[in-house]
Amino acid sequence: SPLAMVEPMVDCRNPPLMRQHLCLKHASKNIHEGAVGGRQSSNQHDHAFSAAGNAKEETVVNLTKPKAQQATLLQTLPATQQPCKLTLQTTYDRKGKETTVTEEDEKKMSALLTTLAQPTAHTSPHITKLSFTGVKCNITKCCNVDVHVRRATSDPLVAQMNVVKDEFGALFDGRTYQYVLDAGGNIGTAALLFGTYWSQSQIVTVEPSPDNFGMLQRNVGHLGHIHAVNGALWGTPNKTLAIHNGTRKALPQWQFQVADPSVDCKQGQQCNKPTGDTNELEIKAWTVPELLEKYSLPRFDLVKMDIEGGEVPVLTPKDSLHWLSHVTTFIAEVHEDMAPGAWTTTKHRMKTAKMKGPKRVGEYFMWWRDIGA
């Protein structure tokens, strides 16, 4: 495991022979200390302590409830419980009829979300709510979260990757990140999962597309520790950017790029002014130091970056990368196809920052440093 200081995460429903001792060790420790009403179990043990539990039903906490109700639910959680089992329920227009579907199988959930992303003659223009139960969260172990998506867009596929396929599961390994930056917030699924798992952390999520940002606000607006910014992450301050629609034929919602319209891209010059139609909307650029100042944060411990080639202008200026020295985990989807040089730039900056990696995590690459390094 790249995070060597943390004991490996184990699925105690069917642990490998060489890892069974961890399940028993963690279960015994949690029963002794108590997860509620006594000392909280440490984050490293959250995934495995339930092996010796005798709870018959998993416990879920709906994070959309008022904070007073959440607190009451948290106080009544048992010391042991079964591992989370993900379930999806949604109601949508199927061939002209409102249909409610509940799925527990991962393949069927993925197939349903793929269907919701496809345009059909019966596609409804309204927003569809995806109700997930059994989502991993830190203290309460299993939570309920609602994700709102737009039919016939890439939204359901984002939920598929982030929630059903557990794309960020490698981050939920026991580490606690106090300050998190989610660059490329899209409709807010990543920020929602981060805010659910690290409920005591301050999370800043940045999304340039006004339409996506509206969905992001809808999905995370009930969580006060998540700060949503309609803008784009950039490497230099005082910039007004434009959104380019890109030239990909499939899923155009996933090819929006921001660029500095004042840059004159000469032939052979590396810059971030992609081809394709330009949206006339003006997007405010935010640097990492500006975001830290805006929310009075000392640093970002975790940075997740999925900004369609914007990693080049963000990571290029040497004199504005002091924030990177405080980051303990950096996870990025590198878009070499959309911004030539993105991979070289990202890899060089991580090496300069003396971070380990990379390790492939789904569509992302992860770099890290040991705590205290």
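These exercises work through disulfides, aromatic pairs and one buried loop residue in a predicted model.

Residues are numbered from 1 along each chain as its sequence is written, and side-chain values use heavy atoms, without hydrogens or water. Because the model is predicted, local features need pLDDT of at least 70 and side-chain atom pairs pLDDT 80 or more, while totals for chains, interfaces and linings use all residues.

**Exercise 1. Find the disulfides and give the handedness of each.**

Step 1. Apply the cut-off: a disulfide is a pair of cysteine sulfur atoms within 2.5 Å. The search of the whole structure returns 2 disulfides.

Step 2. Take Cys84 and Cys142. Their sulfur atoms are 2.2 Å apart. The S-S torsion is about -105 degrees, so this disulfide is left-handed. The pair links distant parts of the chain, 58 residues apart: Cys84 sits in the loop between α2 (67-75) and β2 (87-94), Cys142 in strand β5 (residues 141-150). Helices (H or I, at least four residues) and strands (E, at least two) are DSSP runs, numbered from the N terminus.

Step 3. Take Cys137 and Cys143. The S to S distance is 2.0 Å. Here the torsion is about 90 degrees, so the disulfide is right-handed.

Step 4. Check burial. Buried means under 20% relative accessible area, exposed over 50%, partly exposed in between (1.4 Å probe, protein chains only). Cys84 and Cys142 are buried. Cys137 and Cys143 are buried too.

**Exercise 2. Classify two aromatic pairs and place them in the chain.**

Step 1. Set the rule. Rings of Phe, Tyr and Trp (its six-membered ring) pair if their centres lie within 6.5 Å; planes under 30 degrees apart are stacked, over 60 edge-to-face, the rest tilted. The count is 12 aromatic pairs.

Step 2. Phe168 and Phe194 are edge-to-face, at 5.3 Å centre to centre and 65 degrees between the planes. Phe168 lies in the loop between α4 (155-164) and β6 (179-183) and Phe194 in helix α5 (residues 189-197), so the pair ties together parts 26 residues apart in sequence. Phe168 is buried at 1% relative accessible area. Phe194 is buried at 0%.

Step 3. Phe172 and Tyr197 are stacked, at 4.4 Å and 25 degrees. Phe172 is in the loop between α4 and β6, Tyr197 in helix α5, 25 residues apart.

Step 4. Widen the view. One aromatic cluster includes Phe168, Phe172, Phe194, Tyr197 and Tyr364.

**Exercise 3. Describe the surroundings of Thr287.**

Step 1. Thr287 lies in the loop between β12 (278-286) and α7 (288-294).

Step 2. Thr287 is buried, with a relative accessible area of 6%.

Step 3. Contact means heavy atoms within 4.5 Å. Leaving aside neighbours within four places in sequence, Thr287 contacts Leu233, Trp234, Gly235, Thr236 and Pro237.
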